[in-house]
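Reader: I have a structure to go through with you. Can we start with the empty space inside?

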Amino acid sequence: MIDDLYAIEKSAYRDSVIHRLDARVKLVIALAGIVAIVAMPYSTRVYELGAILFAFFIVLWICSRLSPLVYLRRLLLILPFGIFLIGFQIFVKNRYYDVFHPIATLPFGIEIYAESVEFASILLVKFIVSISFIILLSSTTKMQDLLEASGRLGLPREFILPLGMMIRYIFVFAEIFGKIRSAMDTRCFDPFDRNLPYRYRLRQLGYTVGMLFIRSYEQGERTYMSMLCRGYGEGAHLHIRSKPIGAKEASFFAGALAFIVLSTVLIYLHP
């Protein structure tokens, strides 16, 4: 997970048509795609809209000149969290259906319903499309650019400053974790080594987690004292300079947004 954190930011420094787009354009387009697929009522029309939006995502991903393996690797990292919740839906009678037809009966009286399977598949389409746009945004936009774009779009400075600190020092946290992991490797300690007693491995992992939090706390205190010495206070904020959007970027933004909105409206109105 920590190595993937560096990889995400590294891919954002590549050069392509999508990488060069203003971060505000990419942020609003990603939000528009997510809102469109999430706002669509739970029906089979979600399949049609999901196919259109995913095809649009594929076009943007090709234009970004990133490898499909990058997308698949990051999707597989997030997919288990969604699959657990989505898979649980096949056993539940949800409020979107009035009649349920069981298609399988498991031990302890647990039944799988056809309508619940359909609902789970619709939820899966919504999840994959939403996550795909997030992966595209994070893979083609630097974190600092995303922060500045949010400020230019009107996000209050009370949110921007903490987010900026989190983005900046999450890599410091990752570096501290890397040092601790290197120290464990140097001492030939493997938490998955079955030759070591289970309690010993568990105790060492507890020490490691405690050390990670202590070092992070100490680093946070040093950072905060440095900020106070440089004039940080309740009136401090991140300066974001104004940046106009070019004509080409505005044209792309208008076209992409119109495509998403029209696709959603036409599918919603289609009987």
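Reader: Which classes of residue make up the lining of the largest cavity?
Author: Nine nonpolar residues, one polar and one charged. Keep in mind that this is a predicted model.

Reader: Which residues line the largest cavity?
Author: From the N-terminal part of the list come Ile18, Leu21, Lys26, Ile29, Ala30 and Leu60. The others are Phe133, Leu136, Leu137, Thr140 and Phe252.

Reader: What is the volume of the largest cavity?
Author: About 90 Å³.

Reader: And how many cavities of 30 Å³ or more are there?
Author: The count is one.

Reader: Which helices each supply at least two residues of that lining?
Author: Helix 3 (23-39) and helix 6 (114-140) do.

Reader: Which helix gives the most?
Author: Helix 6, with four residues.

Reader: Switching to those two helices. How do the axes of helix 3 and helix 6 cross?
Author: They cross at roughly 175 degrees, and the axes come within 9 Å. That angle is over 145 degrees, so helix 3 runs roughly antiparallel to helix 6.

Reader: Which residues meet there?
Author: On the helix 3 side, Lys26, Leu27, Ala30, Gly33, Ile34, Ile37 and Val38. On the helix 6 side, Lys126, Val129, Ser130, Phe133, Ile134, Leu137 and Thr140.

Reader: What is the class make-up of that contact?
Author: Nine nonpolar, three polar and two charged residues.

Reader: Back to the cavity. Where does Lys26 turn up?
Author: Lys26 is in the cavity lining, and Lys26 in helix 3 is also part of the contact with helix 6. Ala30 likewise appears in the lining and in the helix contact.

How values were computed
Residues numbered from 1 in each chain as written. Predicted model: local features only at pLDDT ≥ 70, side-chain atom pairs only at ≥ 80, totals over all residues. Heavy atoms only, no water. 1 Å grid on protein atoms, 1.4 Å probe; cavity = no way out; pocket = protein on both sides within 12 Å on 5 of 7 lines; lining within 4 Å. Points joined across faces, edges and corners; volume = space filled by probe spheres on them. Nonpolar A, V, L, I, M, F, W, Y, C, P; charged D, E, K, R; others polar. Axes fitted to C-alpha atoms, helices over the stretch in contact; angles between N-to-C directions. Parallel < 35°, antiparallel > 145°, perpendicular 65-115°, else oblique. Contact = heavy atoms within 4.5 Å.
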